[in-house]
Protein chains: 2
Amino acid sequence: MTTRERFITSTAELFGRQGYTGTAVKQIVEAAGAPFGSMYHHFPGGKEQLGVDTLRWSGAIYAQLIDIFYGGGADIVSATAAFFDAAADTVRDADYADACPIATVALEVASTNEPLRQASAEVFESWLASFDDYLRIGGIASPRDVSVSVFTLLEGAFLLARTTRDVAPIRIAGRTAAEVVGAAIPQS
Amino acid sequence: MTTRERFITSTAELFGRQGYTGTAVKQIVEAAGAPFGSMYHHFPGGKEQLGVDTLRWSGAIYAQLIDIFYGGGADIVSATAAFFDAAADTVRDADYADACPIATVALEVASTNEPLRQASAEVFESWLASFDDYLRIGGIASPRDVSVSVFTLLEGAFLLARTTRDVAPIRIAGRTAAEVVGAAIPQS
DNA sequence: TTGGGACTAGAGCGATCACTCTACGCCGAG
DNA sequence: CTCGGCGTAGAGTGATCGCTCTAGTCCCAA
């Protein structure tokens, strides 16, 4: 892994746990095992540029997860259930840290940092667009209401699970999400 | 309004926009129009105690909102739709700031500050418990799955709306929430 | 009138913030 | 072997962080 990659992966993990303002640059360079100067060599725009690049990278990683669960002609109802179940296991195993590496940052920068807000918005929109494609393949002609509902169920469940340190909300939201997806498929 | 109250209301608004670590104590005392010493007189525990007290106060305010929409024998399906619609209007009118004064703080402190995490968890749990009561009155015997689903839809929608600066997700989540509530009512 | 607690008021503290600066090691090109 | 630039390396910058400290003001009770 290159130094630049180590910066981004370390930052992604720290952002998921402590958010943007809560993460010090000093902490990032220590986690990346790199000196101070290297960071400003690879990211001349400083913390903000590193934040934007990290959000985009994390977004791409999660987009791959959507492909894994919904790609290959999987049934969209069971794929949804499996996705939430896997998320619940991941959150529990990570001791309720870094459920979604975007959400924490997105909320705190939405009204204070326009470049970061925009990067978050683009990542969310790319997830929804990708999810829409899979829902259409699954037979839902106008999927945006379904994709938004499933997305909000997942993100809200992450919030509740991390705060209460209990994965039950994720499993509950997963069952509801599967029902929402199933109800939107036209019956043959 | 007393000085102490001005501290809490000012802090609540700042937390909703910038989160906990993103809000400086200096900023709080300026917003409250009070001197530095007053803050540490009223909140000897410093920023953390002020944070806990603010979370609890904000939680109580929102609990009143639940009572307004679901109390008085209102139909729980239309109350749910009305709640989300009102939330969408509020978020738009506030220029996408401070949708939920707890969520932003909750995410950033969930893994880093135990007193604040616990306060957030207690607020969320109190909302769910209150909401459960209204759902039971509305005819849902085991309402926890419904209350959690509606909660996650709302919080996820706030996240998406603030990030994309568009209230459409809140309206979409509201329709889904109303359907989830309606589907859980036993048919006579 | 005077004493004392509640509260206001803000200068100043060490620590930490994001960031800049200069110097040096490495390595392929000529 | 020498050169040049890419990247490593970390001490040092002013600004800001949360917080402490002492002094002063207010008002009610004795």
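**Entry 1: the surface near DNA strand D**

I began with the surface near DNA strand D and asked which element gives the most to it. Helix 3 of chain A does, with 4 residues. I keep in mind throughout that this is a predicted model.

Next I listed what surrounds the strand. There are 16 residues around DNA strand D, and the closest are A:Thr3, A:Gly37, B:Ala24, B:Gly46 and B:Lys47. Both chains turn up when I look at the elements that give two or more residues: from chain A, helix 3 (36-42); from chain B, helix 2 (25-32), helix 3 (36-42) and helix 4 (46-70).

I also sorted the residues of this surface by class. I noted 7 nonpolar, 6 polar and 3 charged.

**Entry 2: where chain A touches chain B**

Then I moved on to the contact between the chains. Chain A puts in 40 residues, and chain B puts in 40 residues. On the side of chain A that touches chain B, I found helix 1 (3-18), helix 6 (103-109), helix 7 (114-137), helix 8 (144-164) and helix 9 (168-184), each supplying at least two residues. Which of chain A's helices has the largest share of this side? My note says helix 8 of chain A, with 15 residues. By class, this side of chain A has 19 nonpolar, 14 polar and 7 charged residues.

**Entry 3: how the two copies are related**

I wanted the operation that takes one chain onto the other. Chain A superposes on chain B by a rotation of 180° with 0.0 Å of shift along its axis, and the RMSD is 0.0 Å. That is the relation of a two-fold axis. Happily, the contact residues tell a matching story: 100% of those of chain A recur in chain B, and the same surface serves both copies.

**Entry 4: a helix pair inside chain B**

Last, I looked up helix 5 (residues 76-93) and helix 9 (residues 168-184) of chain B. Their axes are 8 Å apart, and the two helices pack at an angle of about 165°. Are they roughly parallel or roughly antiparallel? With the angle over 145 degrees, helix 5 and helix 9 of chain B are therefore roughly antiparallel to each other. I noted their crossing as right-handed.

For the contact itself, helix 5 of chain B brings residues including B:Ile76, B:Thr80, B:Phe84, B:Ala88 and B:Val91. Helix 9 of chain B meets them with residues including B:Ile170, B:Arg171, B:Gly174, B:Ala178 and B:Val181. The tally by class for this contact is 12 nonpolar, 3 polar and 2 charged residues.

Key: Residues numbered from 1 in each chain as written. Chains lettered and ligands numbered in written order. Predicted model: local features only at pLDDT ≥ 70, side-chain atom pairs only at ≥ 80, totals over all residues. Near = placed C-beta within 6 Å. Nonpolar A, V, L, I, M, F, W, Y, C, P; charged D, E, K, R; others polar. Axes fitted to C-alpha atoms, helices over the stretch in contact; angles between N-to-C directions. Parallel < 35°, antiparallel > 145°, perpendicular 65-115°, else oblique. Left-handed = near helix turned anticlockwise from the far one by under 90°. Contact = placed C-beta atoms within 7 Å. Least-squares fit on C-alpha atoms with pLDDT ≥ 70 in both.
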